[in-house]
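Open the model in your viewer and keep the sequence panel beside it. This tour tells you what to select at each stop and what is there.

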Amino acid sequence: MMQMNLQFPYKLLQAYTAYCRPLCQEIKLPQTAFDILMFLANNPAHNTARDIVEIRGIKANLVSVNVDKLVHEGYIERAAVPGDRRKTYLTCTKKASPLIERGHKIQAVFFQELLQTIDPDELNTFHRVFCAIDKNLDKMMKPASAKTIEK
């Protein structure tokens, strides 16, 4: 069985945070607020607090606090969802555009440096394997496919 380095996700997150830190310090936003802003910018179809919690994996209380901060700073706006008073759409404002553009540059440099020594053929293989694993995970998460593992 293949053994994964257990520290890999932690190291990936720490490296990304280090790349974002100078911008976050400059604009006086916590990393979580920046992550939420970039999530909304990169995934406009997933524009509710629940989407951020479920897809990005940020705890609900942190999403709430940081969305409030982003609204207060003028980087995102809330809009009511017609027919569902409990749900609110979150959208990036024009004020956020330069910040998002800088965030995209940081992300591009991060991924370029992360993948710099990987051969293009290996990267294509990695992408295919990653997509296959993602599809397998989707199947595994469906209740009907849950399997009982025998002792």
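Start with one term: a residue is buried under 20% relative accessible area, exposed over 50%, and partly exposed in between. Remember too that this is a predicted model.

**Stop 1: two residues in helix α5**

Select E101 and K105. Are they buried, partly exposed or exposed? E101 has 48% relative accessibility, so E101 counts as partly exposed. K105 reaches 53%, so K105 counts as exposed. Now show their side chains. They meet in a salt bridge, at 3.9 Å from N to O. Both residues sit in helix α5, four residues apart, which means about one helical turn separates them. Side chains of opposite charge can pair when their charged atoms come close.

**Stop 2: helix α3 and its partners**

How many salt bridges are there? The count comes to seven. You have seen E101 with K105. Next, select E54 and R50. Their side chains also form a salt bridge, again listed at 3.9 Å, N to O. E54 and R50 are four residues apart in helix α3, or about one helical turn. E54 is exposed at 58% relative accessibility. R50 is exposed as well, at 60%.

Stay on α3 and select R56, then add D35. This salt bridge spans 3.2 Å, N to O. What does the pair tie together? R56 lies in helix α3 and D35 in helix α2, so the bridge links parts that are 21 residues apart in sequence. Check the exposure of each partner. R56 is partly exposed, with 32% relative accessibility. D35 is buried, with a relative accessible area of 10%.

**Stop 3: the largest pocket**

Select F8, L12, F111, F126 and F130. Of the 28 residues lining the largest pocket, these are the closest to its centre. The pocket has a volume of about 1,200 Å³. Now colour by element. Those giving two or more residues to this lining are α1 (8-27), α2 (31-42), α3 (49-56), α5 (97-114) and α6. Which element gives the most? It is α6, with seven residues. Then colour by residue type. The lining divides into 20 nonpolar, five polar and three charged residues.

**Stop 4: the second largest pocket**

Select T48, A49, R50, D84, R86, K87 and T88. They line the second largest pocket. Its volume is about 210 Å³. Two elements give two or more residues here: α3 and β2 (84-92). β2 gives the most, with four. By type, the lining has one nonpolar, two polar and four charged residues. You have met R50 before, in the salt bridge with E54.

**Stop 5: A60 and A49**

Keep A49 and add A60. A60 lies in helix α4, residues 60-73. The two residues are eleven apart in sequence, and their C-alpha atoms are 7.7 Å apart in space. A60 is partly exposed, at 48% relative accessibility.

**Stop 6: a patch on the surface**

Last, select V129, I133, L137, M140 and M141, and turn on the surface. These residues form a nonpolar patch there. Together they have about 530 Å² of accessible area. Click on M140. Where is M140 found? It is in helix α6, which covers residues 120-141. M140 is exposed, with a relative accessible area of 59%. Helix α6 has appeared already: it gave seven residues to the lining of the largest pocket.

Note on methods: Residues numbered from 1 in each chain as written. Predicted model: local features only at pLDDT ≥ 70, side-chain atom pairs only at ≥ 80, totals over all residues. Heavy atoms only, no water. Patch = residues over 30% accessible without salt bridge, like charges linked within 9 Å, V, L, I, M, F, W, Y side chains within 5 Å. Areas by Shrake-Rupley, 256 points an atom, 1.4 Å probe, with all protein chains shown as cover. Salt bridge = Lys/Arg side-chain N within 4 Å of Asp/Glu carboxyl O. Buried < 20%, exposed > 50% of the residue type's maximum accessible area, 1.4 Å probe, protein only. 1 Å grid on protein atoms, 1.4 Å probe; cavity = no way out; pocket = protein on both sides within 12 Å on 5 of 7 lines; lining within 4 Å. Points joined across faces, edges and corners; volume = space filled by probe spheres on them. Nonpolar A, V, L, I, M, F, W, Y, C, P; charged D, E, K, R; others polar.
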